[in-house]
Amino acid sequence: MNFRVVLFVLSLIGSIVSGSMFLPAAWAWFDGTPDAAVLLRCAVFSLAACVALALVTRPSRKSAPGRSDIGVREAFAIVSFSWVVASVIGALPYVLHGTTANFTDAFFEAMSGFTTTGASILVNIEGNPRGILLWRALTHWLGGMGIIVLSLTILPFIGGGGGMQLFKAESPGPLPEKLTPRLQQTAAILWEIYIFLTALEVGALMLCGTSFYEGVTHAFATVATGGFSIYNDSIAHFRSPAVEWVVTAFTFLAGVNFSLHYLFLRGCFGAYFKDDEFRWYVRIILIVAAAVACSALKSGMDMPFGQALRHAAFQTTTLMTTTGFMVTDTLQWPYFAQMALLAIMLVGGCAGSTSGGIKVVRFMIAARHAKNDMIRSLQPHRVLCVRVNGKPQESRVVSTVLSFFVCYIVILIAVSLFLAALGIDLLSSFSGALACVSNVGPGLGAFGPASNYASVPAAGKWVLAFAMLVGRLELTTVLLLFVPDTWRR
């Protein structure tokens, strides 16, 4: 493990996160609120500390900056610790402003932001100044596309010395891919699409009657599939069907593989429906939304058909994409609807999107592998393989997917047991663990839409923050840090 290059790259990433704090500081300054000074001090202090670390750990002149052998081990360490560093920096404004009572709560809120989980400990969100809330929304947006992808865009020399290792470690889906031969160009394209979708949603929300500030903060949370709102009652605050449909549409787009958006913008208009994962994604949303709407109407809930359909589509899309916005208290819905929504939180969106969860492509590969196994039981000599988009997949891909399922279930059970040991009821323990590992945010029971995570003991908050990190980096990147071979020569 080359600790020097790890610290050097972490200092550069920390500098980017610190520099981004000047935006909410400027907003707060124009607002004339006291949080401007807090945000400015945090930005200057953290930026100075990161620059000092970069100067101390920078490579010698004999080796080009950033080319100091960023191997697999260094990549896993850099990616994992970059999210921790970002969360520590992101927690500073919450502590100094008094938004949170202690550093544990501040770190939990920051980690929830950067990992786009959307689990909050804030009881009165609207009681905070707009600069702090803009920073809270900005942590979502920075983490949505990925801190490493942003760093590769701004600091191209990192890409020359192991950038692909960093890219794979932060986006460890079963089928990683580059859009172009040059990694920096791929990172830039992804951010261009990301910014385009964000700007498009800001305009759409403003046409629906929101202010520019409301549009920006909610677009940051939507496109990043985060779910932090500036209002206590989330999207329900607007009481606007138009806003709900706009948010539904953009959470749906954010849950799609960004490679398909790239192909569509280049003129390949049939790219979406040629993709197996996208077709599965659409079918799951349509089937679950229809089932939830029918369940709500059949149970005798006092709502018209149009409202039931709108709320079902909204909650299905935002929970499957792990955004976690709410327009109604789903704990008041029938048990079937609650269980259906809990199930799709496990599924998540598409690989290559900003959403969390296990990802649709993994379920698709596992289902096709299971089907092949059943066919082999009847026809033992038949040769079968799992295909994705018509291409046969290596056995290594299938085994990686199955290993992911095993690790995911083990972590989910372990976190659930830990929360239960703290005295939290079983439903809340399981749904809270699932909501954090899948980066969804709201769960059921004590962590339902009308509640938050403020009541969780400090030890539980640290474990849930770890669960968010593990879920955001899709298990392997973080878990490998606990394998002794990672640190050996």
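K359 is buried, at a relative accessible area of 4%, where buried stands for under 20% relative accessible area, exposed for over 50%, and partly exposed for what lies in between, with a 1.4 Å probe and protein chains only. K359 sits in the loop between α17 (335-347) and α18 (360-378), the helices (H or I, at least four residues) and strands (E, at least two) being DSSP runs numbered from the N terminus. Its backbone has a positive phi of about 90°, although K359 is not a glycine. Most residues other than glycine have a negative phi.

The model is a predicted one, in which local features need pLDDT of at least 70 and side-chain atom pairs count only at pLDDT 80 or more, while totals for chains, interfaces and linings use all residues. Residues are numbered from 1 along each chain as its sequence is written, and side-chain values use heavy atoms, with hydrogens and water left out.

A second residue can be read in the light of K359. L475, which is likewise not a glycine, has a positive phi near 70°, and L475 belongs to the loop between α21 (458-472) and α22 (476-479). With a relative accessibility of 2%, L475 counts as buried.

From these two loops one can step back to the chain as a whole. Its secondary structure comes to 22 helices and 2 strands. The radius of gyration of the chain is 22 Å, close to the 23 Å that the globule rule gives for 489 residues, so the chain is as compact as a globular protein of that length; the radius is taken over C-alpha atoms, and the rule is 2.2 Å times the number of residues to the power 0.38. Along the principal axes, the C-alpha atoms fill a box of roughly 65 × 65 × 55 Å. Of the 489 residues in the chain, 57% are buried.

How are the contacts of the chain spread along its sequence? Among those between residues at least 6 apart in sequence, 71% join residues at least 24 apart, a contact being heavy atoms within 4.5 Å. The accessible surface of the chain comes to about 20,100 Å², and 67% of that surface belongs to carbon and sulfur atoms; the areas come from the Shrake-Rupley method with a 1.4 Å probe, and for residues only the protein chains shown count as cover. As for charge, the mean positions of the 32 positive and 24 negative charges are 12 Å apart. Here Lys and Arg count as positive and Asp and Glu as negative, without His and the chain ends, and each charge is placed at NZ of Lys, CZ of Arg, CG of Asp or CD of Glu.

One of the positive residues deserves a separate look. R310 lies in helix α16 (residues 305-320), and at 14% relative accessibility R310 counts as buried. When its neighbours within four places in sequence are left aside, R310 is in contact with P241, E244 and W245. Helix α12 (residues 241-254) also holds V243, which is buried with a relative accessible area of 3%. Not counting residues up to four places away in sequence, V243 touches L205, C208, T210, I235 and F238. The C-alpha atoms of V243 and I189, by contrast, are separated by 28 Å, with their positions 54 residues apart along the chain.

V123 and R182 offer a view of two exposed loop residues. V123, in the loop between α5 (103-114) and α6 (130-145), counts as exposed at 66% relative accessibility. Beyond its neighbours within four places in sequence, V123 is in contact with N232, N452 and A454, and V123 and Y453, which are 330 residues apart in sequence, are 9.1 Å apart in space, C-alpha to C-alpha. R182 is found in the loop between α9 (163-170) and α10 (183-207) and is exposed, with a relative accessible area of 53%. R182 and I365 are 183 residues apart in sequence and 29 Å apart in space, again C-alpha to C-alpha.

The cysteines remain to be considered. A search of the whole structure finds 0 disulfides, a disulfide being a pair of cysteine sulfur atoms within 2.5 Å. Why is C350 without such a bond? The closest cysteine sulfur, in C268, is 16 Å from the sulfur of C350, too far for a bond, and C350 is buried with a relative accessible area of 1%. For C407 the closest cysteine sulfur is that of C436, at 19 Å, which is also too far for a bond, whereas C407 is partly exposed, with a relative accessible area of 33%.
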